[in-house]
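Thanks, everyone; I would like to take a few minutes to walk through one model with you, beginning with a pair of helices and then turning to a sheet.

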Amino acid sequence: GREFVAKIHGFVSAPRERRTTRDAQYFFINGRFVRDKIISSGLIEGFRAVLPHGVYPVAFLFLEIPFEEIDVNVHPAKTEVRFRDPAGVRGSIVSGLRQALAAGDKRSVQAPAGAAMAAWRPGDLGSSVFGGGGWGEAPASPRVAEAGATWRGYEKAIMDAPAGRAEPASDAPPAATLHPLGVARGQIAATYIVAEAEDGLVLVDQHAAHERLVLERLRAGGAGDTPASQALLLPEVVELDEPACDRIEAQSAALAKLGLTVERFGPAAMLVRAIPAALAKGDAHALLRDIADDLAQNGDALLLGERLDHVLATMACHGSVRAGRVLSVPEMNALLREMEVTPRSGQCNHGRPTWVKLAMSDVEKLFGRR
C-alpha cells in the first residue's frame, strides 16, 4: 500500500487528569488549528486502556503531514481537512499515544493536593488514655481510673491499645534506595500498602494495582497463538439463563483465544474447563456471569477489535487481589516490583491512580521540620 511520513508531537495529560467533555483538546495540522473527528477518535482510542468510557484527556497534538496527503478546502475557515489515508493517520496517533503512555505513566501523584494535605493534622490524644500527668504520675482518665487509677491501670490502658501484627522472621527487606516504589513497611485496612522510598512515603491501592497487572498479563497472553491457560482439575458447571448460554456458546471460539475454554452443558448451564493462567485463583462462576452480561449489553462485537479490552478488564477484575485481603510483606514487595516493570501500572483499568507518593519534604512540613 501507499506509505508516507507523518510526524506527531505535542502534550497530553496524565491519565489521572480527566475531563467529562472534549473542550480541552486542540489539534494542529502543519501549524494550522483544525477540528477533526479522525484525530479525536485516535486520541480517545490511544487512551482507552487507561481512561474509562465518558472521560476525556487534555491534549495538544501537532501533526506534520505532506500537503499532498490532505485536502484543506473542505471548510471555508480551513478548520476541517480531509485525509487521503484516514486509517493510517488514526493508527499512527493510536500507536504513538500507547507507546508514550506505556513508557511514561509509571509516575503517579508526586505531591498530594492541598485539601489532602490539610486533612493531616497534629495528633492530640487528649486525656482519654494518658490523662493529664506525666509518665511517672497516675493518669486521670476515666478508663484508667476505673482500673484503680494506679500504675497497674495505666499499664492496662497501654496493653489494650491496638498492636501491629507479627510475622515469621525472614530476610531483611532490600534498601529503599534500590527501588522507585520503595519497600513495603506495612498494610492499612487490609487494602493499602505502605512503602518507604528514597524520596518519600508511597501508598498503594492493592486491588487497583493488581487489577492493572492482571490486565497486562492477559493482554500479553492473548498476543500469541497459544494463550497461557490453566486447566481446571474439576470442570465447573455455571448455571445461567438460556439466552446467556446461547451468547457465550456462540463466542466460545473467541473466548478460547483468550484462554477461557467453555462448552454447553444442558439448556441453562455452561461447563468451564480452563481459565486464563493469570486468573488461576479467580471465581469462574462470577467471571462467566459478568462476561454474559457484557455480551448482552455490547453484542457480539465485544470480543472483536477495540472492544476486546472491555472483556479483558472484566477478567482482570476477577483475577486481582481484593481489598480486605491481608498480604504478607514478601507478597507486598512482589507486587511493588511487578508494578515497576509493567506498562501503565500507574493507573488502574478505570483510570484511577494505583499509587500516590507523599514526598519526604511534605512529611517534614507536617512535623514542622521545614
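What you have in front of you is a predicted model, and I will start with helix H7, residues 242–250, and helix H9, residues 284–298, which pack with their axes 9 Å apart and at an angle of about 85°. Since angles from 65 to 115 degrees count as roughly perpendicular, H7 and H9 are therefore described as roughly perpendicular to each other.

Which residues make this contact? On the H7 side they are Ala244, Arg247 and Ile248, and these meet Leu288, Ala292, Leu295 and Ala296 in H9. Sorted by class, the contact of H7 with H9 comprises six nonpolar residues and one charged residue, with no polar ones.

Let me now move to the sheet, which is open and is formed by four strands in the order S1-S4-S2-S3, with mixed pairing. The edges are strand S1, at 7–12, and strand S3, at 32–34, each of which pairs on one side only, and from one strand to the next the twist averages 25°.

Looking at one pairing in detail, strand S2, residues 25–29, runs antiparallel to S3 and is joined to it by three bridges; here phenylalanine 28 stands opposite phenylalanine 33 in S3.

Finally, what lies across these strands? Helix H1, residues 37–46, lies across S1, S2, S3 and strand S4, the last of these at 59–64, and H1 runs at about 125° to S2.

I am happy to go back to either region in the discussion.

Terms used: Residues are numbered from 1 along each chain as its sequence is written. This is a predicted model: local features need pLDDT of at least 70, side-chain atom pairs count only at pLDDT 80 or more; totals for chains, interfaces and linings use all residues. Side-chain values use heavy atoms; hydrogens and water are left out. Two strands pair if DSSP finds at least two bridges between them. Helices (H or I, at least four residues) and strands (E, at least two) are DSSP runs, numbered from the N terminus. Axes are lines fitted to C-alpha atoms, for helices over the stretch in contact, and angles run from 0 to 180 degrees between N-to-C directions. Contact means heavy atoms within 4.5 Å. Angles under 35 degrees count as roughly parallel, over 145 as roughly antiparallel, 65 to 115 as roughly perpendicular and the rest as oblique. Ala, Val, Leu, Ile, Met, Phe, Trp, Tyr, Cys and Pro count as nonpolar, Asp, Glu, Lys and Arg as charged, and the others, Gly among them, as polar.
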